[in-house]
Amino acid sequence: MTAEDRMTVLEKRDPRPGMTLAERPVPTPGAGEVRIAVESVGIDGGVEAPFYRWAESFHRYEPHLPQVFGHEFAGVVDAVGPGVEDWTGGERVAVEPRISCGRCRNCREGRENLCTTETGFSPHGRKSIGIDTEVQGALAEYVTVPARNLYRLPEGLSFDEGVFLELLAIGVHGLDVSAFAAGDRVAITGPGSAGLSALIAAVEAGASEVVMIGAAADEGTRLPIAREMGAAATRTVGEGPLDEPVDVFVEASGHESALRLAESSLRPGGELVQIGVYHGADRVPVDLNGLVNEEIAVRTVNARRATDWHRTLSIAPSVDLAPVVGPAFDLTDYEAAFEAEADRAGVKVVLHP
Ligand SMILES: [Zn+2]
C-alpha cells in the first residue's frame with residue numbers, strides 16, 4: 001500500500017445533522033501503532049448517534065470539523081509501525097478505544113481506564129480513538145491505533161460480535177468491582193448494550209436471579225432480548241418498586257426514574273452500581289440520607305480495564321451474542337443505519353466499511 005492509496009470514511013463535515021462519505025489518504029501507522037482494516041464498527045447511542053444528529057452537547061466540535069468518529073470496532077491487523085513486536089499482520093482483533101499511557105499511577109495500578117496522562121478533548125479529559133479531535137475513528141476503511149489497545153478476537157466470534165466485546169467488558173467491570181457474590185439477586189435498569197452486558201456478566205458470575213427493567217419503548221425488542229440472554233423476569237420502570245429487594249442494583253440507563261427505583265429496591269446493606277451517564281443533566285439528586293440509613297454502597301463504573309478485557313475474552317465464546325449485535329449495514333448505507341439506531345432496532349447497530 002502506498003501513501004497515495006485512498007480510503008472511504010464517513011465524516012461529519014458541517015455543523016448540522018447528518019454525515020458525508022468522503023475520501024482520505026490511508027493512514028500510515030506510527031511508532032508503536034498498527035493499522036486496522038475495519039470490518040465492523042458500532043453506533044453508540046450516546047456518542048456517534050447524537051454527533052450524527054448534531055445534538056447540542058456536540059456543538060463544541062464545530063471548530064474541529066471535519067471529524068471521523070467510530071470508537072467501537074473490530075477488524076484485521078493490516079500493517080504494523082516501527083517498534084511493534086507482538087503483531088505481524090492478519091490477526092483478527094477487537095480494540096480498546098481508550099488511549100492510556102501505561103506509565104501513570106492509575107495505569108500502573110491496573111486502572112488504565114482512568115489514565116491521567118492521556119487527556120483529550122472529552123469533557124472528562126479522557127482520550128479515545130474516534131471521539132478525541134486528534135484521533136481519527138473507525139467509521140472508515142482503515143484506522144491506526146496504539147498496538148497496546150488490541151485484543152485478539154477469540155475463534156468463532158464474528159467481527160460484529162467483536163464490536164460488542166468492549167461493551168461486555170463494561171458489565172464485567174461493574175460486577176467485578178461491586179460486592180456481588182454468586183447467589184445474589186440482581187436488578188438492572190436499561191436494556192441497552194451496557195445493561196445487557198451487566199446481565200450477561202451477572203448470569204456468568206452466578207446470580208441467582210436477574211430482573212431487567214426497561215422503558216415502555218423497550219417492551220417490543222430489548223426486554224425480550226434480555227429474557228433470551230438470561231433475565232428471569234422483565235418489567236418496566238412504570239410498574240414501580242420491585243416486589244422483592246435485590247442485593248445489587250445496576251443502573252445502566254442514565255434516567256432519574258431508574259435511580260429512584262434503585263434507591264427503593266435495594267436490600268439494606270446492598271449496593272448500587274452506577275454505569276449509566278445522565279446526559280443533559282449537570283447534577284442528579286440522590287437520596288443520600290436514605291442510602292446512609294440503609295447503609296447502601298454506591299459504586300461508579302467507567303469504561304473497562306485490561307483485567308476486564310481478559311475476563312470478557314474468556315467468557316464471550318460461551319455466550320451467544322447474536323441477539324445483541326445488529327442489524328448490520330454497509331458503511332455507504334449509513335443513513336438507514338442511523339435511522340435504525342434512532343428507532344431502537346436491535347441493541348447494537350453496526351456498519352461494515
Ligand atoms: Zn496512564
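Over residues 195-313 of this predicted model, the chain is 34% helix and 24% strand, and the C-alpha atoms at the two ends of this stretch lie 18 Å apart. The stretch corresponds to a UniProt annotation, taken from an unreviewed entry, which reads "domain: Alcohol dehydrogenase-like C-terminal" and covers residues 195-313.

At the level of the whole protein, the assignment used here gives domain 1, made of residues 3-157 together with 321-352, and domain 2, made of residues 168-300. The centres of domain 1 and domain 2, taken over C-alpha atoms, are separated by 28 Å. Contact between the two involves 9 residues on the part of domain 1 and 11 residues on the part of domain 2. On the side of domain 1 that touches domain 2, the residues divide into 3 nonpolar, 4 polar and 2 charged.

An open sheet is formed by 6 strands, whose order is β10-β9-β8-β11-β12-β13 and whose pairing is parallel. The edges of this sheet are occupied by β10 (233-236) and by β13, each of which pairs on one side only. Neighbouring strands of the sheet are turned against each other by 20° on average, when direction is ignored.

Within this order, the pairing can be followed strand by strand from β8 to β13. Strand β8, which spans residues 185-189, runs parallel to β11 and is joined to that strand by 4 bridges; in this pair, V186 stands opposite V248 of β11. Strand β11 (residues 246-251) pairs in turn with strand β12 (residues 266-274), again in the parallel sense, over 5 bridges, and here E251 is placed opposite Q274 of β12. The connection from β11 to β12 passes through helix α6, which comprises residues 256-265, and the resulting β-α-β crossover is right-handed.

A further parallel pairing, over 4 bridges, links β12 to strand β13, which covers residues 297-300. Residue Q274, already noted as the partner of E251, also stands opposite T300 in β13. The unit made by β12, helix α7 (residues 288-293) and β13 is likewise a β-α-β arrangement, and its hand is right. Through β12, the right-handed crossover that contains α6 is thus followed along the chain by the right-handed unit that contains α7, with β13 forming one edge of the open sheet.

Terms used. Residues are numbered from 1 along each chain as its sequence is written. This is a predicted model: local features need pLDDT of at least 70, side-chain atom pairs count only at pLDDT 80 or more; totals for chains, interfaces and linings use all residues. Two strands pair if DSSP finds at least two bridges between them. A crossover is right-handed if, with the strands pointing away from the viewer, the path from the first strand over the helix to the second runs clockwise. Domain bounds come from an automatic or database domain assignment. Two residues are in contact if their C-beta atoms, placed from the backbone, lie within 7 Å. Ala, Val, Leu, Ile, Met, Phe, Trp, Tyr, Cys and Pro count as nonpolar, Asp, Glu, Lys and Arg as charged, and the others, Gly among them, as polar. Axes are lines fitted to C-alpha atoms, for helices over the stretch in contact, and angles run from 0 to 180 degrees between N-to-C directions. UniProt positions are given in the numbering used here, feature names are shortened, and annotations may be inferred rather than shown by experiment.
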